[in-house]
Amino acid sequence: MVKELQSTTTLHNGVKMPWVGLGVFKVQDGEEVVSSVKAALEVGYRSIDTAAIYANEEGVGKAIAESNVPREELFVTTKVWNADHGYEETLAAFDVSLKKLGLDYLDLYLIHWPLPSQGKYIETWKALEQLYKDGRVRAIGVSNFKIHHLEDIIANCEVIPLVNQVEYHPRFNQSELHAFCKKHGIQLEAWSPLMQGGLFEEPVLVEIAEKYKKSTAQIIIRWDIQNGVVTIPKSVKPHRIAENAEVFDFELSQEDMDKINNLNTNQRMFADPDDFNRV
Ligand code: NAD
């Protein structure tokens with residue numbers, strides 16, 4: 001078991017969040033997600049990232065229930081989907097997610113997308129604040145929020161988001177957003193940290209991987225952590241789940257960090273949150 005895999009960052013309310021978690025986007029509910037989450041928990045992962053729209057919360061909950069890991073050691077994240085923006089809708093969606101997960105509290109609840117076409121993310125945020133005040137979730141945050149969305153939330157909130165989970169990888173390192181989040185104590189979290197597999201042949205990463213005798217996936221995950229970004233690589237293969245956790249026995253030099261930082265092209269792989277309005 002990789003002990004350091006349980007090392008954490010401390011959110012601005014004191015809650016501790018693991019640097020590395022397992023993402024389960026596009027992992028099928030049932031056997032596939034149950035076996036993936038179990039494989040992760042067995043090698044020492046304690047953080048799992050799901051979402052209502054992934055339609056696999058039940059399987060995540062089953063794997064947790066069947067594992068021997070005490071609940072207080074786990075850090076479970078899910079997200080309110082776009083169709084459920086609005087105060088009452090979000091409270092109801094939270095209950096559904098919690099029930100599917102079979103949990104009586106959540107560690108982190110995120111607004112999945114700002115959904116500007118509906119203009120309801122402030123209302124949605126108020127619902128998250130209510131859930132937080134009621135002790136039903138230990139931390140609340142957002143996902144895919146740009147600086148102007150965050151400014152809007154900060155101007156209208158009681159609780160500053162604890163986390164912002166965004167697309168983040170060597171081709172898109174969001175330096176301005178990252179600086180803004182740091183300034184406000186918001187922990188940045190990387191989704192699609194491995195660019196869904198699109199970076200493994202990148203020559204600079206291959207060269208660095210050879211130098212450290214690590215895989216390119218491990219180099220990217222280590223780069224996230226050294227940049228102070230929480231990361232949630234996805235895999236359903238036990239050997240890769242284990243491999244992605246073995247990133248605590250080496251350190252990238254500043255020179256190599258800079259080389260990877262320089263791979264940034266400011267190119268998103270997925271939609272700009274200002275234009276993403278799917279419900
Ligand atoms: P990812 O960047 O983590 O890439 C995953 C893919 O990389 C796998 O399917 C596999 O093909 C490959 N891979 C993983 N480990 C490997 C290894 N060691 N060697 C070789 N190949 C390997 O992609 P992702 O799933 O899109 O992102 C990770 C998580 O981020 C998701 O599962 C989800 O939890 C979260 N996410 C959130 C949002 C959001 O809008 N908030 C969007 C996308 C993803």
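Helix 2 and helix 3 sit oblique to each other, because their axes cross at roughly 40°, an angle that is neither under 35 degrees nor in the 65 to 115 range. Keep in mind that this is a predicted model. Below is a quick look at that helix pair, then at a second pair, and finally at the ligand and its surroundings.

**Helix 2 against helix 3**

- Helix 2 covers residues 57–66 and helix 3 covers residues 87–101, and their axes come within 7 Å.
- On the helix 2 side, the contact is built from E57, E58, V60 and G61.
- Helix 3 answers with S97, K100 and L101.
- Sorted by class, this contact has three charged residues, two polar ones and two nonpolar ones.

**Helix 8 against helix 10**

- Here the helices are residues 216–226 (helix 8) and residues 254–261 (helix 10), with axes that come within 11 Å.
- Their axes cross at roughly 100°, so helix 8 ends up roughly perpendicular to helix 10.
- Helix 8 brings I219, W223 and Q226 to the contact, while helix 10 brings M257, I260 and N261.
- There are no charged residues in this contact; four are nonpolar and two are polar.

**Around the ligand**

- The ligand has 26 residues around it, and the ones that come nearest are D49, S143, S192, Q196 and N244.
- Y54 puts a polar side-chain atom 3.4 Å from one of the ligand's nitrogen atoms.
- H112 also uses its side chain: an N or O atom there is 3.3 Å from a ligand oxygen atom.
- K234 works through its backbone instead, with an N or O atom 2.9 Å from an oxygen atom of the ligand.
- As for burial, the ligand on its own has 840 Å² of accessible area, and the protein covers 89% of that.

Methods. Residues are numbered from 1 along each chain as its sequence is written. This is a predicted model: local features need pLDDT of at least 70, side-chain atom pairs count only at pLDDT 80 or more; totals for chains, interfaces and linings use all residues. Side-chain values use heavy atoms; hydrogens and water are left out. Axes are lines fitted to C-alpha atoms, for helices over the stretch in contact, and angles run from 0 to 180 degrees between N-to-C directions. Helices (H or I, at least four residues) and strands (E, at least two) are DSSP runs, numbered from the N terminus. Angles under 35 degrees count as roughly parallel, over 145 as roughly antiparallel, 65 to 115 as roughly perpendicular and the rest as oblique. Contact means heavy atoms within 4.5 Å. Ala, Val, Leu, Ile, Met, Phe, Trp, Tyr, Cys and Pro count as nonpolar, Asp, Glu, Lys and Arg as charged, and the others, Gly among them, as polar. A residue is near a molecule or strand if one of its heavy atoms lies within 4 Å of it. A polar contact is a pair of N or O atoms within 3.5 Å; within protein, one must be able to donate a hydrogen and the other to accept it, and residues adjacent in sequence count only if both atoms are side-chain atoms. Accessible areas come from the Shrake-Rupley method with a 1.4 Å probe; for residues, only the protein chains shown count as cover.
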